[in-house]
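This report concerns a surface patch and an internal cavity of one protein model. Please have the sequence and the structure at hand while reading.

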Amino acid sequence: MLEFFDMMTLLGSVALSLAILVPLAGALVRFRAHYNPKGLQLDAEGGVQPHTGPVISSFFSMLKRVHRIEGWPGLYKGLMPSLLSTLVITFFLMMFLSDSNLRHGTYSAPDAGVVGILVYSIFAMLVSLPQVIITNRAITTPHKLPYFNPIYSLRVLLTPTERRRPWILYLTPGLLAAQVTHIAYIVLGLRSMRQLLLPELANPGIPRIEEISPVKLAIFLVIMLLSTIILTPLEVISIRLSIQRNHAAPEFNSISQEEEGDADEATEYAGVEEDVIGLRTEREPYVSLIDCGKRIIEEEGWGALYRAWWLTTLGSLGGALS
């Protein structure tokens, strides 16, 4: 068991990480979730009208917009589910890992070969998927959520169907396919490529410069950069699908009935005069991974699939070289 000082140091680092990362992660989720159709729309009388929602062109513009409209509480939307999941993981590390591993930050997925790591990663994703869905919805909802009333928050974020049958979150159209594809590409593709080109990085400690081939390192970095073309759309699609709520089985008017039932649960909005982002209607949901990608391209253009691509690149490089 960790000594008291080590425990407080670990908890302090967790608190600092959340204080920095939650606003950044929230802005990224909102930026990629924002629905900004490029085409014209029809009004109630059938007339053609241009889209009038906010146009947000960059990650930092989204960060400033969140702060302007919702203030600091808006920047920390999604804090509680992130905090709870982090505390659970931290408790697990403190209970089951050695002191030296935690002090030196050497914890990683078990080294059980490519297939073992793939299975481990998919299992970890399945365990965390409900938390990811709830966190993304908490970030993107226009409603104000209390920090210490989880029952109320869940009634806002989940439909009656999802509350009655929570396992239906795993059946969200296309979400599991997007997550598994993302994991498989990283583990089977990038990790295997790193092992082939730069096996020195898999050894404990920091390798000496002379041990690494500059040519192989350059090839690997180019592959990582090109992988952004695949990974960024998968991440954008995953966010879009995670905030798409599951309604009752396709019965006549079932969606509108559930929306009316949910309306009583959430009457207070986080933004005083406007919402931070636009959300796509739930009356025409994405039905699969491929359908989501095609509709984003048709309705919003290719650029929507590559929002904040540079963050994906930085994350991939950091993960691959660590």
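The text below treats the cavity, then one residue of its lining, and then the surface patch.

The model is predicted. The cavity count comes to 1 cavity of 30 Å³ or more, and the largest cavity has a volume of about 30 Å³. Its lining is formed by Pro23, Gly26, Ala27, Arg30, Val66, Gly74, Leu75, Lys77 and Ile139. Two elements, H1 and helix H2 (59–75), each give two or more residues to this lining. H1 supplies the largest share, 4 residues. By character, the lining residues of the largest cavity divide into 5 nonpolar, 2 polar and 2 charged.

Gly26, one of the lining residues, lies in helix H1. Gly26 is classed as buried because its relative accessible area, 5%, falls under the 20% cut-off. Gly26 also comes within 7.3 Å of Tyr76, C-alpha to C-alpha, although the two are 50 residues apart in sequence.

On the surface, Leu16, Ile20, Leu21 and Leu24 make a nonpolar patch of about 380 Å². Leu16 belongs to helix H1, which spans residues 4–33. With a relative accessible area of 55%, Leu16 lies over the 50% cut-off and is therefore exposed.

The two residues of helix H1 described above are set side by side here.

| Residue | Relative accessible area | Class |
|---|---|---|
| Leu16 | 55% | exposed |
| Gly26 | 5% | buried |

Helix H1 thus holds both Leu16, a member of the nonpolar surface patch, and Gly26, a member of the lining of the largest cavity.

Key:
Residues numbered from 1 in each chain as written. Predicted model: local features only at pLDDT ≥ 70, side-chain atom pairs only at ≥ 80, totals over all residues. Heavy atoms only, no water. Patch = residues over 30% accessible without salt bridge, like charges linked within 9 Å, V, L, I, M, F, W, Y side chains within 5 Å. Areas by Shrake-Rupley, 256 points an atom, 1.4 Å probe, with all protein chains shown as cover. Salt bridge = Lys/Arg side-chain N within 4 Å of Asp/Glu carboxyl O. Buried < 20%, exposed > 50% of the residue type's maximum accessible area, 1.4 Å probe, protein only. 1 Å grid on protein atoms, 1.4 Å probe; cavity = no way out; pocket = protein on both sides within 12 Å on 5 of 7 lines; lining within 4 Å. Points joined across faces, edges and corners; volume = space filled by probe spheres on them. Nonpolar A, V, L, I, M, F, W, Y, C, P; charged D, E, K, R; others polar.
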